[in-house]
Number of protein chains: 4
Amino acid sequence: MSNKVALVTNVTELAGLACARALLRDGFTVVCHDAKFGAADARSAFQRENSGLNASAEVEPENLVEDTLKIRGHIDVLFSNDVFAAGTGPIEDISVQQFRDTIEGLMVIPFRLCRAVVPQMKARRAGHIILFSSAAPLMPFPYFSSYCAARSGATNLAVSLSKELGPHNVQINAVLSQFMHSEKYFPRSLFKDGSPAAEFLKVHCPLQRLGEQEEMAELVAFLASGKCNFVNGQLIPFTGGWPSAASFPAKID
Amino acid sequence: MSNKVALVTNVTELAGLACARALLRDGFTVVCHDAKFGAADARSAFQRENSGLNASAEVEPENLVEDTLKIRGHIDVLFSNDVFAAGTGPIEDISVQQFRDTIEGLMVIPFRLCRAVVPQMKARRAGHIILFSSAAPLMPFPYFSSYCAARSGATNLAVSLSKELGPHNVQINAVLSQFMHSEKYFPRSLFKDGSPAAEFLKVHCPLQRLGEQEEMAELVAFLASGKCNFVNGQLIPFTGGWPSAASFPAKID
Amino acid sequence: MSNKVALVTNVTELAGLACARALLRDGFTVVCHDAKFGAADARSAFQRENSGLNASAEVEPENLVEDTLKIRGHIDVLFSNDVFAAGTGPIEDISVQQFRDTIEGLMVIPFRLCRAVVPQMKARRAGHIILFSSAAPLMPFPYFSSYCAARSGATNLAVSLSKELGPHNVQINAVLSQFMHSEKYFPRSLFKDGSPAAEFLKVHCPLQRLGEQEEMAELVAFLASGKCNFVNGQLIPFTGGWPSAASFPAKID
Amino acid sequence: MSNKVALVTNVTELAGLACARALLRDGFTVVCHDAKFGAADARSAFQRENSGLNASAEVEPENLVEDTLKIRGHIDVLFSNDVFAAGTGPIEDISVQQFRDTIEGLMVIPFRLCRAVVPQMKARRAGHIILFSSAAPLMPFPYFSSYCAARSGATNLAVSLSKELGPHNVQINAVLSQFMHSEKYFPRSLFKDGSPAAEFLKVHCPLQRLGEQEEMAELVAFLASGKCNFVNGQLIPFTGGWPSAASFPAKID
């Protein structure tokens with residue numbers, strides 16, 4: 001068993017599993033969290049299907065970190081894979097409670113995770129934190145105000161924490177996703193040739209395709225590798241070149 | 001009484017009063033909110049000392065807007081003057097409850113205000129929203145992670161809401177303050193010649209002085225004036241040129 | 001004659017004339033430059049049609065500034081209204097000479113103007129420089145690489161010069177235009193109801209209209225006014241909320 | 001000999017050699033350019049000392065690309081390692097010719113290189129361009145206006161070109177360096193314990209150390225690897241967390 005320990009949250013969501021596998025490949029002992037893992041059979045099913053990965057029974061951030069530290073001794077890498085299905089619509093149709101729930105899922109959870117892993121990283125003068133966030137706030141689509149505000153707040157955690165963690169040799173960055181394939185949010189069926197979604201990508205994403213979870217996993221693995229720690233406190237968009245637009249239909253200045 | 005109505009929140013905090021006066025000067029009927037105005041004597045004292053300004057008894061965002069609409073008929077301008085004394089320190093010393101309170105004060109309050117004023121602005125195809133926020137997230141000082149995250153989230157509201165409000169001819173922008181004079185946060189006594197704070201300003205703020213509340217008031221009045229509505233969905237730093245740094249003490253590339 | 005002197009370049013281009021008039025209204029003696037003003041009859045025609053504005057015969061930046069200083073004694077405000085009809089197309093179709101010419105028009109000219117006006121501003125500890133630039137680099141349209149690179153370089157002048165000029169109480173900012181009406185670049189005829197250009201604006205500009213030169217003039221006049229000098233070293237987009245995009249045609253994360 | 005060809009310019013400058021070696025390690029045939037390589041003995045000395053790397057005799061961008069294509073058939077990766085010792089000082093002390101020279105070195109050269117490599121990349125629907133640029137424009141030090149303007153212009157090339165190259169499956173990104181070790185610009189001798197430069201780093205760079213060329217080489221190799229092409233059109237700061245500042249010497253809001 002490797003001496004390098006990585007913690008991946010929400011492992012069954014988005015690129016969580018791909019990232020866990022890439023970290024395992026790169027020599028990490030990988031502890032996986034998921035909302036479903038409170039149930040013993042979900043944990044054992046996950047471990048059966050994903051040889052080498054470890055499912056934790058702890059669901060709450062503080063318990064998860066405490067339990068992992070007890071069993072593994074330390075945490076080298078935290079990949080906070082935050083996700084929340086925020087309500088969308090005109091601001092007057094989003095309830096205040098929906099906004100608070102979105103903030104809880106996208107800002108408070110990574111704050112709690114960082115808060116829990118930081119002390120032992122500072123003590124060991126080593127550690128990498130990678131926050132999964134969204135590039136949506138860079139050019140918000142209409143009707144995503146609560147989602148974009150919460151993601152923007154979370155994203156800034158990477159920047160602001162980098163200032164206090166850097167002197168302890170702990171690195172923190174955020175990856176900002178847009179148009180990454182997932183069956184829940186950007187399923188392939190939606191992007192069949194000629195579909196409105198495919199046409200949208202052609203206009204707004206220079207690469208004219210979805211991002212792959214394996215590409216995200218390589219990015220996360222790179223940031224976790226320790227090969228280039230001088231990239232610190234940064235937001236790295238994973239967007240294929242979005243935001244972009246078709247040429248203006250006439251000569252412009 | 002003018003037919004143009006402006007709502008200013010937290011009027012006794014920061015540049016609230018200066019902004020309210022500038023809007024009054026420019027012909028607005030100005031309705032002022034403050035946490036203290038739940039008490040009748042605080043309201044009457046405020047009105048006695050600030051002839052022409054109106055103190056509302058309503059403290060909660062929704063009630064404040066509803067009451068103002070009942071009395072004034074409509075709201076043309078919302079200046080959401082958000083302020084909250086966030087705890088500072090290493091992330092492990094900030095409690096989760098402190099983070100939630102900071103978010104409540106800096107993100108949820110402006111969300112609730114926007115949510116409440118927007119429907120009548122859309123219906124009338126006219127309105128200006130100006131969010132007061134901080135420039136701190138642009139280059140966070142160490143130990144301000146909860147504050148910067150919350151301010152960053154709030155700031156993005158101006159950007160994301162601009163996308164859905166623009167087609168209804170409602171403008172929204174945010175002003176991002178750093179080093180604005182106030183006796184509570186940046187008192188003049190702190191910046192006496194030769195003091196550490198004054199030396200800090202000399203190095204980090206090109207104008208080498210505090211910003212004045214009257215300057216902020218002119219900026220807010222300009223954005224509220226309707227003279228330049230094409231500035232929309234923007235974040236306007238009010239920082240004297242901060243962030244900045246002394247020259248590197250040797251030739252660099 | 002006012003003691004406050006403003007210099008406006010390329011006065012017959014874009015919002016140059018509207019800005020000159022707004023500065024005149026606000027009490028400035030306004031000296032106007034234009035490429036055409038080398039010819040005496042162009043100057044006299046301009047002055048006849050624009051009572052109160054002064055046309056300079058000097059075309060080169062250094063001569064223009066020197067002559068203005070000789071006649072007016074000092075310059076309080078420089079509005080560097082830079083414009084250049086850059087070639088567009090795939091990078092392999094833009095010649096190196098075209099790129100150099102674009103840079104000369106959009107970067108070297110404002111550099112020369114700043115260089116020439118700065119010494120007397122520093123000596124007097126007063127002055128405002130406003131660079132007209134484009135918001136295009138914020139989300140470049142395809143095939144505008146030489147234009148966007150040059151504009152981006154020019155825009156950064158406002159930021160970088162603010163760091164050295166601030167301690168001398170000289171302010172510099174840039175206004176970044178996109179979709180401002182002008183008969184040369186964004187003529188009204190192009191945006192008739194139902195036209196491709198009008199449809200483009202509906203999708204990509206939240207306000208769904210062109211910006212007006214009078215709005216730009218108010219912004220420039222505000223920055224020149226001295227009422228809010230603490231806005232310094234900033235880039236202020238004048239875009240109606242662009243960049244923006246239609247909602248993604250399905251639920252997204 | 002590998003079928004994957006990488007072109008590295010200014011290989012003896014900054015991290016050029018480290019990047020060339022990392023690309024060689026990753027299986028590329030690496031063609032190296034340097035201003036010195038017009039001389040045959042400089043080329044042979046370089047190849048003797050750097051087994052496996054190839055020195056080109058061509059100094060001009062167009063010739064370099066043409067010659068490489070003639071010999072190698074195609075170019076998969078261009079690492080445009082741009083560097084120029086720009087003059088620094090107050091703007092009035094920088095001559096217009098110095099500014100033009102700086103632009104030539106930092107903007108026109110990468111433009112010419114991109115222009116030359118792009119057609120065959122588009123034709124093959126494959127290729128990666130990585131521009132080396134500086135993070136200095138993100139928070140310019142005083143007296144670097146010509147350098148920062150030119151770097152900012154060059155940096156935007158990565159963004160603007162990504163919009164037109166993406167549909168051809170060609171990726172372009174820029175790495176933005178600050179405080180990377182090099183004996184020419186940031187020599188170790190300058191950063192001895194207690195030196196002004198070392199103290200400066202402690203305050204302004206969260207990691208409190210110089211970046212290593214090997215770290216930069218890993219970043220460039222990652223972007224060239226094709227493992228994560230969805231990171232496209234991005235600017236990736238390599239700064240250790242700079243810009244940053246010591247805490248304000250009192251409680252602030």
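The following exercises, each with a worked solution, concern a predicted model.

Residues are numbered from 1 along each chain as its sequence is written, and chains are lettered from A and ligands numbered from 1 in the order in which they are written. Local features need pLDDT of at least 70 and side-chain atom pairs count only at pLDDT 80 or more, while totals for chains, interfaces and linings use all residues; side-chain values use heavy atoms, with hydrogens and water left out.

**Exercise 1. The sheet of chain A**

Task: Determine in which order the seven strands of the open sheet in chain A are arranged, and which strands lie at the edges.

Solution. Strands (E, at least two residues) and helices (H or I, at least four) are DSSP runs, numbered from the N terminus. Two strands pair if DSSP finds at least two bridges between them.

- Step 1. The order is β3-β2-β1-β4-β5-β6-β7, and the pairing is parallel.
- Step 2. At the edges are β3 (54-55) and β7 (235-238), each of which pairs on one side only.
- Step 3. Within this sheet, β1 (residues 4-8) and β2 (residues 28-32) of chain A run parallel and are joined by five bridges. A:A6 has A:V30 as its bridge partner in β2(A).
- Step 4. Helix α5 (residues 145-165) of chain A lies across β5 (127-134), β6 (170-177) and β7, running at about 160 degrees to β5(A). Such angles run from 0 to 180 degrees between N-to-C directions, with axes as lines fitted to C-alpha atoms, for helices over the stretch in contact.

**Exercise 2. Strand β6 of chain C and its counterpart in chain D**

Task: Establish how many residues of strand β6 (residues 170-177) of chain C are buried, and which residues D:N173 touches.

Solution. Buried means under 20% relative accessible area, exposed over 50%, and partly exposed in between (1.4 Å probe, protein chains only).

- Step 1. In β6 of chain C, eight of the eight residues are buried, so the strand is largely enclosed by the rest of the structure.
- Step 2. In a regular strand the side chains alternate between the two faces of the sheet. From β6(C), C:V170, C:I172, C:A174 and C:L176 point one way, and C:Q171, C:N173, C:V175 and C:S177 point the other way.
- Step 3. β5(C) and β6(C) run parallel, with eight bridges between them; C:S134 has C:S177 as its partner in β6(C).
- Step 4. In chain D, D:N173 belongs to strand β6 (residues 171-177). With a relative accessible area of 3%, D:N173 is buried.
- Step 5. Contact means heavy atoms within 4.5 Å. Not counting residues up to four places away in sequence, D:N173 touches D:I129, D:I130, D:L131, D:A158, D:L223, D:V231, D:N232, D:G233 and D:Q234.

**Exercise 3. Aromatic rings and the A–B interface**

Task: Explain why the pair C:F99 and D:F111 is classed as it is, and state how much area chains A and B bury between them.

Solution. Rings of Phe, Tyr and Trp (its six-membered ring) pair if their centres lie within 6.5 Å; planes under 30 degrees apart count as stacked, over 60 as edge-to-face and the rest as tilted.

- Step 1. The whole structure holds 58 aromatic pairs over all chains. The ring centres of C:F99 and D:F111 are 3.9 Å apart and the planes meet at 15 degrees, so this pair is stacked.
- Step 2. The pair crosses between chains, from helix α4 (residues 96-124) of chain C to helix α4 (residues 96-124) of chain D. Both C:F99 and D:F111 are buried.
- Step 3. One aromatic cluster is formed by A:F141, A:F179, A:F186, A:F191, A:F200, A:W242 and C:F248.
- Step 4. Buried area is the accessible area (1.4 Å probe) that two parts lose on being put together, summed over both. Chains A and B bury about 3400 Å² between them, 67% of it on carbon and sulfur atoms.
- Step 5. On the chain A side, A:I91, A:F111 and A:E164 lose the most area to chain B, together 20% of what that side buries.

**Exercise 4. Backbone particulars**

Task: State what kind of peptide bond joins B:W242 and B:P243, and where C:N10 and C:Y143 are placed.

Solution.

- Step 1. The bond between B:W242 and B:P243 is a cis peptide bond, with omega about 0 degrees. B:P243 lies in the segment after β7 (235-238) of chain B.
- Step 2. C:N10, although not a glycine, has a positive phi of about 45 degrees. C:N10 is in the loop between β1 (4-8) and α1 (16-25) of chain C, and counts as buried at 14% relative accessibility.
- Step 3. C:Y143 has a positive phi near 80 degrees and is likewise a residue other than glycine. C:Y143 is in the loop between β5 (127-134) and α5 (145-165) of chain C, and counts as partly exposed at 33% relative accessibility.
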